[in-house]
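Trainee: I would like to go through this structure with you step by step, starting at its surface and then turning to its charged pairs.

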Amino acid sequence: MGLRDFLARFRPTGAPGAAVTGVPADRAAERAAELEPSLALLSDVQEEAARIRAAADQEAAAIRKSAARQAADIVAAARAQAPHVRRDAAMPARGAALREVEGRVAAGERTASLVHERARERMPALVDRMVADALRTEGPWGAP
């Protein structure tokens with residue numbers, strides 16, 4: 001208790017008029033005595049709240065760690081499946097490209113077959129013309 005509080009006890013109390021000396025009630029002590037049990041209960045509640053917050057922080061950290069692990073597992077699985085997914089996604093386009101190639105190869109083979117057939121038909125006449133032209137021209141030995 002400070003000097004000021006001690007001296008405050010000897011202040012006059014009561015209505016103006018004749019001075020009455022006495023010791024007034026200690027209001028600070030009365031307030032403290034009245035509030036101390038409630039504040040003590042609040043202290044326990046604050047400690048409980050601090051424990052709950054600490055437990056919640058630990059649980060949140062565990063949840064974040066678990067979520068990070070799950071995310072890493074999902075990413076790893078996705079990376080492992082990516083080549084298969086790409087292959088499966090490319091299959092329709094690859095099939096269409098193969099069908100187009102097969103069609104072009106077949107068309108090329110048909111065209112080549114027509115060229116061979118035409119050559120077979122025209123070859124005897126062309127050979128005869130070449131032989132006739134060769135016989136008509138003068139060779140290096142003189143007359144034909």
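Trainee: Which residues form a nonpolar patch on the surface?

Mentor: Keep in mind that we are looking at a predicted model. The patch in question has about 370 Å² of accessible area together. The residues that form this nonpolar patch are L35, L39, L42 and V45.

Trainee: Taking L42 from that patch, is it buried, partly exposed or exposed?

Mentor: L42 is found in helix α2, which covers residues 27-136. Buried means under 20% relative accessible area and exposed means over 50%, with partly exposed in between. Because the relative accessibility of L42 is 47%, this residue counts as partly exposed.

Trainee: How many helices and strands are there in the protein chain, and what percentage of its residues count as buried?

Mentor: The protein chain has 2 helices and 0 strands. Its exposed surface comes to about 12900 Å², of which carbon and sulfur atoms supply 61%. Of the 144 residues of the chain, those that count as buried make up 1%.

Trainee: Turning to the charged side chains, how far apart are the N and O atoms in the salt bridge of E48 and R51?

Mentor: Side chains of opposite charge can pair when their charged atoms come close. E48 and R51 are separated by about one helical turn, because they are 3 residues apart in helix α2. E48 counts as partly exposed, at 36% relative accessibility. In the salt bridge where the side chains of E48 and R51 meet, the distance from N to O is 2.6 Å.

Trainee: Which residue forms a salt bridge with R104?

Mentor: R104 counts as exposed, since its relative accessibility is 60%. Its partner lies in helix α2 as well, 4 residues apart from R104, about one turn of the helix. With the closest N and O atoms 2.9 Å apart, the residue that forms a salt bridge with R104 is E100.

Trainee: For D133 and R136, how far apart are the closest N and O atoms?

Mentor: D133 and R136 are 3 residues apart in helix α2, so about one helical turn separates them. D133 counts as partly exposed at 37% relative accessibility, whereas R136 is exposed, with a relative accessible area of 58%. In the salt bridge that D133 forms with R136, the closest N and O atoms are apart by 2.2 Å.

Trainee: How many salt bridges does a search of the whole structure find?

Mentor: Among them are the pair of E48 and R51 and the pair of D133 and R136. For the whole structure, the number of salt bridges found by the search is 5.

Technical notes: Residues numbered from 1 in each chain as written. Predicted model: local features only at pLDDT ≥ 70, side-chain atom pairs only at ≥ 80, totals over all residues. Heavy atoms only, no water. Buried < 20%, exposed > 50% of the residue type's maximum accessible area, 1.4 Å probe, protein only. Areas by Shrake-Rupley, 256 points an atom, 1.4 Å probe, with all protein chains shown as cover. Patch = residues over 30% accessible without salt bridge, like charges linked within 9 Å, V, L, I, M, F, W, Y side chains within 5 Å. Salt bridge = Lys/Arg side-chain N within 4 Å of Asp/Glu carboxyl O.
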